[in-house]
Every structure is written in structure tokens, then in C-alpha cells.
Amino acid sequence: MSDANVPLLSVQNLEVAFRTQDGIVPAVRGVSFDIYPGETMAIVGESGSGKSTTAHAIINLLPGSGRVTGGEVNFQGRDLTKLNRSQIEDVRGKLIGLVPQDPMNSLNPVHRIGFQVEETILANGLASNRRAARKRAVQVLQEAGLADAESRLRQFPHEFSGGMRQRVLIGIGLSSHPELLIADEPTSALDVTVQKKILDHLAELAAESNTAMLFITHDLGLAAERAENLVVMHRGRIVESGPALEILQNPQHPYTQRLVSAAPSIASTRIQAVSSHDDLGESIEITDTAGAADLAAVGVAAAHPVAESAEPAIEFRGVTKVFKIRGTGFSSQRFTAVDDISFQVPKGTTMAIVGESGSGKSTAAKLLLRLEQKTAGSILVNGTDTDTLGRSELQALRRQMQPVFQDPYGSLDPLHNIGNTVAEPLRVHDVGDAAFRRARVLEVLDQVALPASVVDRYPNELSGGQRQRVAVARALALKPEIVVLDEAVSALDVLVQAQVLSLLADLQSELNLTYLFITHDLAVVRVIADHVCVMEKGRIVEQGTVDDIFANPQEEYTERLLSAIPGAGITLGAG
Amino acid sequence: MTGYILRRLLQAIPVFLGATFLIFSMVFLLPGDPILALFGDKTPTDAQYAALMAEYNLDQPFFTRYLIYLGDLFTGDLGTTFRGQSVNEILARTFPVTLRLALLAIAIQLVFGVIVGLIAGLRKNSVFDHVSMLISLLLISVPVFVLAFVAQFFLGIQLGIFRPTVSRGVPWMDLMLPAIVLAALNFAYVVRLTRASVIETRQQDFVRMAFGKGLSTRRVIPVHVLRNSMIPVTTNLAADFGILIVGATVTEGIFNVPGVGNELFGAIRRHDAPEIVSIVTVLVVIYVIVNLLIDLLYGVLDPRIRYVK
Amino acid sequence: MSNNSTPRMPHFVAELDEGGLGAVDAVRVSARKSNLWLDAWRDLRGRWMFWASGVFVLILIVVALFPGLFVQVGPNDCALSNSNAGPEPGHPLGFDFQGCDVYSRVIYGTSTSLSVGVLVTLIIAVIGIVVGAFAGFFGGWVDALLMRVGDMFFAIPYVLAAVVIMSMFLANRNILVISLAIGLFGWPALARILRSEILRVRSADYVMASEALGVSKVRTMFAHVLPNSIAPVIVVSTIGLAAAITAEATLSFLGVGLPGDVVSWGKDIADAQIRLRTDPMPLIYPSIALSLTVLSFIMLGETVRDALDPKARALR
């Protein structure tokens, strides 16, 4: 029975460093916080902030090159950093549980689920023989919300979906009713509706056994919704900490302020373009004044002028795409990825197609780009049916439509320097001579706020956000009318994401671009789009203007998606 | 799982047919008359020539000969050598010896290779690791026949630990030295592969999770790290086997082991085309079967593979 | 959700770091350019194994091309009167059974081994790259067919196949023939490696982006896919060169290698084995030469592989 006034876990001045090729690099530089029994705390930060490292250091689960170089981790009267290997192995699992980040890779693929649950139970002393362990394992899976627990035990991880695997991992983490559960981005790899269910379930289980929880997340909204207290980390240090709601409604530290104003779930209106072009400099500077004025996001109520023009830039009429997948032997199955979808995108606006995995949204984008051939229906660009076009006309069409893809680490050829990559569209379509192309490359890099020196660099010298900007620059090189963005910001950190979105908005107003924006994140839709189509399993469930859909969702699926946005229900005061 | 087995079996058939065809073509399609080759420097008389042609069906067109050969193969008749001996009988005599040698070599290379590789992988950059990497590098570089002579000279002749050549009846102890030599090259590969595999597996998320859920090191290493590391080692066994076949041919010659390899070696020297074809065919068939078994073993080790085409 | 019994957490705000927060995602213009090949080169430069093996390989190439610079006596200037004589001035390694100068034969054997090694590597590279590229690029039935054919060739261990071929080939045994014999069954592994690299690269976004741009599939293949797939091929070829040298030596040892007038380490080792007990040296010297040659190529291949493999570099 723990004394409610004594912290369960007390981290004091924790320091962690990694040994790399470039020497010893500190990752956590003096972090201190306390967690009380039954409390839920969240550590929020971008990648590289040290949040995950801190959490893993608590139970000494650092990779081989990492070491705790200073500070203490006091848990139940002991300093965990001073324990030897078998002592810490005792603490892990039994007293402090772990739910890992990536459910797809956190279970051993060659052992059955039951095996992996049972070995935990046996190792943590919850059962003394195989049979008792088996019974306990069934209980664990049932509590984790898996139906058919008995038969599930005999299955292998690859037979489970991501959500189911995470449930198993949560079950394992809570199986010995530990005092503290560390959850490292437990739902970031899952679909948003699954996320909500799992987090709700987790909260329930933790409340039942009064387990304290330490959430690691990059999502401020999620942290606000699920945790009482919040710690914000930046570059290995804590910049702000305190009660979650208070921090979100009244962020004091400039970094927290940036995060709050950039978090799409909390931002409530569409990004408006910065009205004057002079404001774009060498890099998008965010000054340290309160309320990120330069991001021009929250609070600006000006309506976005929608150009009235004759025909829509993009129109889909009854488009269907059926894939034939070769099954075992000679059979082949038909899989309908896109089922009779129709929509229109007016020129100069942004249409978002939102859906979870398997909804067909990416396929729709590929159909427009002609990376896949549609099975039925017609696609019109600027009023012309693409089926009627000959080969050279199609090539001309490609100049009008350019893509930006999701993976910043795969979207640029690592063996070509930036200049070559951005110039490639110009070369392929035989535009201008070398001098002209060089000038155009510099022009377009300037538009995405990258310095000219980047031209000789190679992709792996740039960060994810910078690479995406290069991808945008490449897309703009030919002065297209339409840009198709397929999850283009999904892999980026919150602040970088906001920066890229803001850039996209500016470019749209300046160049009168039409965007087709594919995303799974409804919160981002709110911030970037005018119209939205909600897709589920290949069909459009609902479509309309963003304001309408968010204020008055008609379909149950749309409602579910909206309510699943973490932190959407939190109203903020002025920043 | 049965689907997987059946698919593998089906795939093995064209490979078998293709491989046997290739062997047959190699021997009988290349320029050079096999009968003249048999006689070496001497010249056969017309009568001898005609007799041999008829007996070995060499007067038939190529495809007919191939079909006859395949037909014989399926009935288990491996034909007769140019010297008149039955290949079946030769193999019955020599095969068990080679089998023992091979099994011994496989056991040595796997057991020691995995153990050394595991320790090297877990203790990366330690003295043990560097030394074992160096030794394995040397073992890979030194050709098997050189290794055989060195071993024979030092361990057999100078130090007298083992018999330099195998005695009649081939007791197991006599096979130790040839087995060690035969195992050496693959041992080096197994060590490297296990080490690389262990290092990679050790970093996987599920290993970190295994520790995170409270398992002790004593459990995580064998049950999670080693078990998963064995998958690439298993798939490598097929290539291992190919090396073993070639190595056995050489090793048996040097240590005077009366096995299949030695017999093949002699047949090559004598330019005995029918015998070469038959023995090589049998070896290839065994190789295909072993490959099949290893594929099946892989399916057992990695359940994901049973459901993928 | 809020637990009233735990003490309220104080609201803590840290001091701002000196220098402020800085711009979001500013481009850090680092001093040196970096891509796969540049990084690999920088990595190689620092490894002693690379230099040791690289220099040795260079020496081997020079010896192979200009043996006359290193020894005056010819490898076939043999006099039975010198049979098994020991070292003497001008003949540092002594004589073998036939009375030939061992040192000379070691030197001249270099060009044989290296020639065969290079030729085999070229043959395997040509066949393997073409097959692997077609299979990876076209996919479908072309891929299935090519892989089946590869399996058929792979089913026969290449040294064994070479033995069979060479034993049938009685006239005209020269370096080209023996290289073809070894290479003809040695290509499937390379083809498979290239194919799987191509499949991996093809699924990358930059390939999709290139196609969406309107670049033809063929041009995408040459401009983007192949250059990014070629790294493992280089590694495998270097190690394959070592294997080819060993294969030639094995064939010569078995008596189905090169004819008598061509100097081969394998043959010398075979010839010297009868007198192993009494005169081991004529066997040992070519063995050392052979082993060192193979060792240096393997070391070279492994250091290049470690330099090119991003995973291996991260592990160091």
C-alpha cells in the first residue's frame, strides 16, 4: 500500500549519453520529475528530444551504445541506476511494465503468442507451473480485450493486426499489475479509431489496479487528453512541466508555445497564407514572441477566397480500381481498392482525402497520377477526360500534375544531388537549356525557403522536413497546376510539419495551385483543406467542405474519426 | 504448411530435370569424343570403338540417349562404368563412408560454428571476437587441399595426433582429421553468419521488448536471440552442402578415404564418362533433396514463410 | 482522471538556452558532402585492412603483369639435376621435384591465378547482371522463368560442374576455357542478389516519383534503379574473384586444370604432394602464395562491404 504523498518514481538530474562515431553524444541532460502512485504523466517532445531515451533509461533498457552518465532514478526506495543486471531484471515486468512503440516488431515472429505471454508470466513469478501460466495467459488476453483468447494463444504474431498486437503487448505489460507502466508512443503506429479504443482500454485497466502511467508521446493533444501532468522536453532537457491542462492553456516557455500553436489537433482553423511575399526569408524564422505570429495559424478568421472558375481542376466520376492478387497456387483474388468514387476539386483549393489504412485513399492519388490504371469510371483534369488523350498529350498532362510522397527518406534518389533532383522534371520534359534550368532550380528552391547552397548537397545531409521541401520544389519545377500530396507531412515532427503546411498554403495562394491532399490525420485536414472526402474501405463515406464536416458530420464513421482525434475536445484560451 | 511443402516439391521437379539435362549435356555435348578421351594417349581399334559405342548407346542421337538415361535413373539403374563395373555397386560400397564423413563434418561445423559465432556476436569488438574473425578469415582463404596437407603434415605426421591416412574399414576415429578439414571452410562461414545474425537480432525491437517484460538474459539469449539467428544460418546450409561435396572430393583423395569423392576423382582421371555422369547425377539429386529439406526446415523455423508464396 | 490525493505538480519553466531557440529546421550546412559513395570512401580510408589488402592486390597485379621484373629465371627452365635442391643464391626458394625454380614458379603463377580470377568475375558479372536486371525489372513470368533457370544452374556446385566440363575438354585447355567452365555455373548467386536489390529499390518513393514525372520505365531503370542496386554486386564480385582463384587452383590440383606449360599454383601443389613427408617446401611456398592472394581479395571485399553497408557502419 503505497503512501500517496511519496513519489513512486523520482528521477533526479538524469543524464544519458551515447557512444557514436563522432564521440560521446549526450541525449538526456539533467532531467528531473516525480510520478506519484496512480498518476498519469506524459513526456512530450519531438524526435531527438530525449523523451524515449529517458523512459528506457528508467529500466535500463538502453541500446548497447547508451549509458546513464549521471543522476538517479529512485523507485521504491532504490536507485535503479545502481542495480546490477539480475536486480533490474527483477524490477522489469514485475514492478515496472513496458508497452513498446512499434507493435509490428515488438513480438518475436517465430514464437506463438501464448508462448510469449506465458514466458512473461513465469518469469515474473505469477505462476509456478505451465498449466497455471496457461490459465493466467488466457486471462491476460481476455483482459486485453481479445475475444477467443484460448485459440489466439496458438497463433503467431503475423496473424494478428497491429491493433491486436498492441493489445497483447498491453496485456503483457500489465500482466503482473505493476506499480508503473511505461508506454512509449503506444498508439502512434495505429489507425486513429483503433488508437482511441486502445487508449481508453489502457486507461481503464490502469485505473482498476491503480497503476501509475508514464506516457511518451509527440502528440500534445494526446498528452492533454490522457495525462494529468506533462513534461515537455527539448534537446535532452525539460523546458516546461506541470499540470497538463495548465501548460496547454497557458504555455510559458517559448518552445512549448510553438508546440501548442503548431499542434494541428489544437489549432482550430485553416492556415491562411501570409499575405505579403516579403515575409518569406532564407528560412522560416519563428521569433520568440508569444503566439507564433509568423505561423499565422490560430485565431485568424479570414475566410479563404475560393476562386469561382468554370470547371473543376480535378474530377473523378465513378472511378473504380480492382486489383488482382495472385493467391497461393494458381488462384487469384480480386481486391477492390477503390469503389465507384466521385468528387470534384475546384481550382485553387485543397481537397483532402482522409481515411484509415486500407481505405483506398493512396490508390486514388495514384490513379490520378496514372501510376495505376483505373478499372472503370473517368478522371477529368481541367475538364478533359484523361482517357481521350494521346501519348504526347498525356506527357503534357504530366507536366500539370506533380506528386509529393510520404517518405522523406525514400522520396529523393540518394545518389543524385539536390540540384539534379529538382532539375530532373525540367530535363525529362525538355524545358529550356542548362542555364535556364539552373536558374529555375534556384528560383524554386527559394520558393520553398531553402538556401541556394543546398544545390550541391545530397539527400542524406538534409533533415526529413528539408527533404520534403526539396520534394515540393521538384514538384513545382514545371509550374504545375495540380500537386498531389500523398501523406506528405505524416512522417514529420510537429513543428516541421506546421512549417511545411504553412509553406504549402503560401505557395497555393501565390501560384494558384490545386492540392489533392491524402492523409490519415483529420486534424491536419482541418488546418490545410477546404473540402474533404472521407473514405472507408474504398468508398467515399461522406464529403463536403471542411467546416461542414467538422461541425456537422452526417455519417457514423465520420463521427468516430472526429471523436478519435486526440485532444480535439480541449478548448484553449488565447496563446 | 502442407501447401508450402507441396509447392516446394513441385518447384524441385523442373530444377531436377534441368540440372540432370545440364550434366548430361556437359558431358556429351562438348567437343571431344568421350571414347577417345577414355583411351587417353592410346588409340582404340575400330572394333573396340564400335563395341563401346553400341554398349553405351553413343550411336544414338543425343535426346534419345538423354531419355534412356532418365529412364534408367528412375528405375534406379545407374549404368556401368567404362571399366564394366556397376555404378550401383560402386555407390553402395562408397556412399556409406562418405555419408559418415559428411555427417561428422556437418556436426563439427554447426556445433562449433554456432557457439563461436554466438559468443563473438554477443561480445562484439572483444578480443574473442577479433580473434575468431581473423581465424575464420584465414580458414576461408586457405584452399581446402592446402588445409588438408597442412593438417596432414602437422597433426598427422609431425605431431602424430591423428593417422595421416585412413585405414581399412574406416573406423570413426580415422575420419576425424578429414572431417575437421572438411568442416573448416564451412565452419568459418557459419561463424561469420551466426555472428552477423546475432548482432542484428540483438538490436531488434522484440529482443528489447523481451528484456522489457522482465525476462532474464539467460532466457532471452537462447530463446529469442539465438533462435531467430538460426534462420539465416539454416538457409545457408544449402550452399554449405555444395561446398561440402566439392571439399569431400578433394579431402577423400588426400586422406585416402574410400568414398564417393575419391571414386569420382578416379573416374575423372580415367576419363570414364558414364561413371562421371552417374556419380555427378547422384550428387546433384542429393543436393536437390537436401535443398528441399532445408527449405522445409526453414518453414518450420520461420512460421511467416508458410503463408507466403 | 485527476487524483486528488497526490500533491499538485508545480508548474516549472526552464530558462531559455543562450542563443535562443533557433529557427525551425534550419539547414545546417555541414563541412563535407555526403552520399553513399563519398561516405564509403571516407570510411575505407580509415581502415588498415583496406590499405593492407589494397596495396597487396596492387602488388599482385604488378607481379602478374610484369613477372620478369621480379625474377630472372624462367618457370620452365628446369634441370633434373637440381631436383629438390635447397635454396641457393639466385634461387631463394629452392627447387621442386622436376628441378624447376620454385620462386620463379610462384611469381609466374600469379598471372595465371589473377587472369582466371578476373575473367571469371567478368563472365559472372555480365551474365548475372543481365539476368538479375531482367528478372527484377520485368517481373512476372520473365522473373519466374529466369529464376527457375538460375535454380537449375545453382543445383550443380560450380566447382563440380567445372570439373566435369574440364575433364571432357581435352584439347584447348586454356585460361579462357577454364574461366568459362567456372563462370558458367557461378552466376546464379549474383543474379539473385542483384534481383533482390532491384526489387527493394523499385519500391522506393523516388522511383515512383520518377515515373509520375513521366520518365520512361527504361530510363528510370538506368538513371535511378541500377545505380542504387549495384553496391552489393561489387562486394560479391570482389569476394567472388577470390573464390574463382581458389576454384582454378582446385581444378589444377585435381588434374583437370590448365595444361602443363602454364604455371599454376594448384598444379604445383598437386605435384609436390608425393614428397610431402620429405620435402614439404615445394608444396608450402605456392600454398602460401595462393592463400595470401585469396586472403587479400576477401579482405578487400569485406572492408568494401562494411563501408557500403549503412547498417554495418552504424554498428561500429
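The exercises below work through the chains of a predicted model, each with a solution in steps.

**Exercise 1. Describe the make-up of chain A.**

Step 1. Start with the secondary structure: chain A has 19 helices and 20 strands.

Step 2. Turn to burial. Of the 575 residues in chain A, 53% are buried.

Step 3. Consider how far apart in sequence the contacting residues lie. Taking contacts in chain A between residues at least 6 apart in sequence, 71% join residues at least 24 apart.

**Exercise 2. Work out the strand order of the four-stranded sheet in chain A, and find its edges.**

Step 1. Begin with β1(A), residues 9-20, and β2(A), residues 23-35. These two strands run antiparallel and are joined by ten bridges. The connection between β1(A) and β2(A) is a hairpin through two residues.

Step 2. Check one pair in this ladder. E15(A) has R29(A) in β2(A) as its bridge partner.

Step 3. Move to β4(A), residues 66-75, which is antiparallel to β5(A) and joined to β5(A) by two bridges. Here F75(A) stands opposite R78(A).

Step 4. Assemble the order. The open sheet reads β2-β1-β4-β5 in chain A, with antiparallel pairing. Its edge strands are β2(A) and β5(A), each of which pairs on one side only.

Step 5. Add the helix. α1(A), residues 51-58, lies across β1, β2 and β4 of chain A and runs at about 70° to β2(A).

**Exercise 3. Trace the sheet that spans chains A and C, and say which strands lack a second neighbour.**

Step 1. Pair β9(A), residues 229-234, with β10(A): the two are antiparallel over six bridges. Within this pairing, N229(A) is the bridge partner of P243(A) in β10(A).

Step 2. Cross to the other chain. β10(A) is joined by two bridges to β1(C), residues 12-13, and the two strands run antiparallel. E240(A) has V13(C) as its partner.

Step 3. Write the whole order. The open sheet has seven strands, β6(A)-β7(A)-β8(A)-β3(A)-β9(A)-β10(A)-β1(C), and its pairing is mixed.

Step 4. Find the edges. β6(A) and β1(C) each have a single partner strand, so one side of each is left without a neighbour in the sheet.

Step 5. Place the helix beside the β6(A) edge. α6(A), residues 162-174, lies across β6(A) and β7(A) and runs at about 175° to β6(A).

**Exercise 4. Characterise the two interfaces that chain A makes, with chain C and with chain B.**

Step 1. Take chain C. In this interface, 58 residues of chain A are in contact with 41 residues of chain C.

Step 2. List the elements on the chain A side. β10, α10, α12, α13, α15 and α16 of chain A each supply at least two residues. The largest share, seven residues, comes from β10(A).

Step 3. Sort this side by class. The chain A residues that touch chain C divide into 24 nonpolar, 20 polar and 14 charged.

Step 4. Take chain B. Here 23 residues of chain B are in contact with 26 residues of chain A. On the chain B side, α9(B) and α10(B) each supply at least two residues, and α9(B) gives the most, with six residues.

Step 5. Sort the chain B side by class. The residues are six nonpolar, nine polar and eight charged.

**Exercise 5. Determine whether α6(B) has regular helix length, and which face is buried.**

Step 1. Compare spans. The 15 residues of α6(B), at 1.5 Å a residue, should span 21 Å, and the end C-alpha atoms are 21 Å apart, which agrees.

Step 2. Name the buried residues of α6(B): S132(B), S136(B), I140(B) and S141(B). They cover an arc of only 165° around the axis, which means that they lie on the same side of α6(B).

Step 3. Look at the face turned away from the buried side. That face carries the exposed residues V127(B), H130(B), V131(B) and L134(B).

Step 4. Identify the packing partners. The buried residues of α6(B) pack against α5(B) and α8(B), together with α12(C).

Step 5. Apply the span test to α12(C). Its 28 residues should span 40 Å at 1.5 Å a residue, and the end C-alpha atoms are 40 Å apart, which agrees. α12(C) is mostly covered, with 22 of its 28 residues buried.

Notes
Residues are numbered from 1 along each chain as its sequence is written. Chains are lettered from A and ligands numbered from 1 in the order in which they are written. This is a predicted model: local features need pLDDT of at least 70, side-chain atom pairs count only at pLDDT 80 or more; totals for chains, interfaces and linings use all residues. Two residues are in contact if their C-beta atoms, placed from the backbone, lie within 7 Å. Ala, Val, Leu, Ile, Met, Phe, Trp, Tyr, Cys and Pro count as nonpolar, Asp, Glu, Lys and Arg as charged, and the others, Gly among them, as polar. Two strands pair if DSSP finds at least two bridges between them. Axes are lines fitted to C-alpha atoms, for helices over the stretch in contact, and angles run from 0 to 180 degrees between N-to-C directions. The expected span of a helix is 1.5 Å times one less than its number of residues. A residue is buried if 20 or more other C-beta atoms lie within 10 Å of its own, exposed if 12 or fewer, and partly exposed in between; C-beta atoms are placed from the backbone. The arc is that of the directions from the helix axis to the C-beta atoms.
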